[in-house]
Amino acid sequence: MPIIEVTSLAKDFRTGGAVVHALADVSFLVEEGRFVTLVGPSGCGKSTLLQILAGLISATRGEVRIAGEPIRAPMPDKIGMVFQDPTLLPWKTALANVEFPLDLRGIDRATRRKRCSELLKLVGLGEFADNYPHELSGGMRQRVAIARGLAPDPRLMLMDEPFAALDEQTRTRMGHDLLEIWEKTRKTVFFITHSLTEAIYLSETVLVMSARPGRILDTIPIEFPRPRELDLIGTERFGRIRNRIWHLIADTPK
Amino acid sequence: MRAALLGYVIFAVIILGGWELIARLDLVDPDLLPPFSQVCAILWQFMHDPRFTADLGVTAGEVGVAFLIAAPLAVSSGFLLGERLLLAQTFNPVVHFILAVPQSIFLPVFILAFGIGFLEKVLFGITHAYFVILVNSFAAVRSIPHPLIAVARVFGATPAQIYTRIYLPAMLPLVLTGLRIGMVLCIIGVLLAEMYASRSGIGRRIFGWGESAQIPELLAGIMLVSILTIAVNETMRLAELHVGRFYRRTSIA
């Protein structure tokens, strides 16, 4: 059974008197354990789609099922999320931020301490458990946010352009490390980005979305073997795929 | 922190030492400016005079009661306005109108309505503190970063948890600022009411000494009230800095 089933999804926003069509007739499936990236131009409704998948906002039409269950509200047991900004609680330490989802669910201190310390090590921040967010760099904060997303041991990780605010070097490094984490945990990852390189490098499948109103233009399998190294980005085959996606987006009439 | 402390000490030594020196060298009329040491001696006597400490107690009681009533009322109404924008649109202009008017001009009205005494002083203290605390707690609600609420919802927070885990800590620094300024205004309101018309309280004492030109007593009273007010203000400011220490250098991003 696919973990994400999106069927004929549409979302309209009403701003003042006008109606904005953010998403029009979006359908796709994501199988469990995959790394799938949705790529599309800025403002195409990617984030809107992700918020619907997370149960934060409702769709205007169509249906979303997560692990077979229609989503109407957040599913904290099934879905972990990493936002575009780290959105850490400034008054909590790195470790306490990772513990936050477990804390909400009343899991006892010792259990969550143990689990979350391991997660911080997994994202390479074992040494920084007692630091507050303002003492960490942007990349480190986003690592804490990834650990927090993994804390409830969800089946699905939703990632909303998590590296968009980082500089290019940090961003590349973070993508590489995310792949390592993914290979260790094998959670389903549904990743959103406007960077074609990031999308191709990270994923097994790339969903290409059109400009607003967003709809899926094509589903492109990415068959590079794993573990992937950064040199892959410079290869001719990589470039061909990137060009193909670029033309898909650019040549689609508005 | 230590540099600031040193600054305070140097400032105090210069002002108080200069005062003592000017008085001792007879540079000004000693009836107008008695030496600092003499004022201190009088203050010491006051602290052992049960009638004086009783007056101090009256003022402290009025301020305390006024603040304890004003603070929860103002914080909750500011919260309500922050959460219900329709209410805010209705009442914010009124609040800012009231904030702009010097409240001291209403004192005669308070006396006519409530007489002279404990009730009138407390009510005057409450109206002084209420609005500034309200405005700050309103701002505190509006300043809560929306993405943090989305984070809490995604990870399964109940509405009650969103209030206790996100709203409360996020609001605290601004609310504390409001409470501190509210406290200072509350003291001002009560002292003003005491000085204008009263049978007891430290404000009445100070005003009386001024009228009868008892300068050493007057200065001792002023000094005591200043020290106490500074102590209250600094204590609350330390709490504020402690709670707000995460916000100075970082946003949620």
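This is a short tour of pockets, a cavity, a helix pair and some backbone oddities in a predicted model.

**Stop 1: the largest pocket, chain B**

Start by selecting α1 (2-24) and α10 (215-243) of chain B, since each supplies at least two residues of the lining of the largest pocket. The space in this pocket comes to about 560 Å³. To centre your view, pick Phe11(B), Ala12(B), Leu16(B), Ile227(B) and Ile230(B), which are the closest to the pocket's centre among its 15 lining residues. Which element gives the most to the lining? That's α10(B), with eight residues. Colour the lining by class and you'll get 13 nonpolar residues, with one polar and one charged.

Now colour chain B by domain, with domain 1 as 1-33 and domain 2 as 38-252. Both domains give residues to the lining of the largest pocket, so the pocket lies between them.

**Stop 2: the second largest pocket, also chain B**

Keep α10 of chain B on screen and add α3 (50-83) and α8 (159-196); these are the elements that give two or more residues to the lining of the second largest pocket. Its volume is about 280 Å³. Zoom in on Thr59(B), Ala60(B), Val63(B), Ile187(B) and Leu228(B), the closest to the centre out of 13 lining residues. The largest share of this lining is from α3(B), which brings five residues. What does the lining look like by class? Here you'll find 10 nonpolar and three polar residues, and no charged ones.

**Stop 3: a helix pair in chain A**

Hop over to chain A and show helix α2 (residues 94-104) together with helix α4 (residues 138-150). Their axes are 7 Å apart, and the two helices pack at an angle of about 30°. Angles under 35 degrees count as roughly parallel, so that is the word for α2(A) and α4(A). Spin the view to look from one helix onto the other: the crossing of α2(A) past α4(A) is right-handed.

**Stop 4: the largest cavity**

Leave α4 of chain A visible and add β7 (156-160) and α5 (168-185), as each of these elements supplies at least two residues of the lining of the largest cavity. There are three cavities of 30 Å³ or more in the count, and the largest holds about 60 Å³ of space. For its lining, select Ile146(A), Leu150(A), Met157(A), Met159(A), Leu178(A), Ile181(A), Trp182(A), Thr185(A), Lys187(A) and Val189(A). The biggest contributor is α5(A), with four residues. By class, the lining of this cavity splits into eight nonpolar, one polar and one charged.

**Stop 5: backbone oddities in chain A**

From α4 of chain A, follow the loop that leads to β7, and stop at Asp153(A). What is unusual about its phi? Asp153(A) has a positive value, about 55°, although it isn't a glycine.

Next, go to the loop between β9 (205-209) and β10 (216-221) of chain A and pick out Pro213(A). The peptide bond leading into Pro213(A) from Arg212(A) is cis, with omega near 0°.

For the last selection, take the loop between β10 and α7 (236-250) of chain A, where Pro227(A) sits. Show the backbone of Arg226(A) as well: a cis peptide bond joins Arg226(A) to Pro227(A), with omega about -5°.

How values were computed
Residues are numbered from 1 along each chain as its sequence is written. Chains are lettered from A and ligands numbered from 1 in the order in which they are written. This is a predicted model: local features need pLDDT of at least 70, side-chain atom pairs count only at pLDDT 80 or more; totals for chains, interfaces and linings use all residues. Side-chain values use heavy atoms; hydrogens and water are left out. On a 1 Å grid over the protein atoms alone, a cavity is a set of points where a 1.4 Å probe fits but cannot get out, and a pocket is an open set with protein on both sides within 12 Å along at least five of seven lines; lining residues have an atom within 4 Å of a point. Grid points are joined across faces, edges and corners, and a volume is the space filled by probe spheres set on the points. Ala, Val, Leu, Ile, Met, Phe, Trp, Tyr, Cys and Pro count as nonpolar, Asp, Glu, Lys and Arg as charged, and the others, Gly among them, as polar. Domain bounds come from an automatic or database domain assignment. Axes are lines fitted to C-alpha atoms, for helices over the stretch in contact, and angles run from 0 to 180 degrees between N-to-C directions. Angles under 35 degrees count as roughly parallel, over 145 as roughly antiparallel, 65 to 115 as roughly perpendicular and the rest as oblique. A crossing is left-handed if the near helix is turned anticlockwise from the far one by less than a right angle, and right-handed if clockwise.
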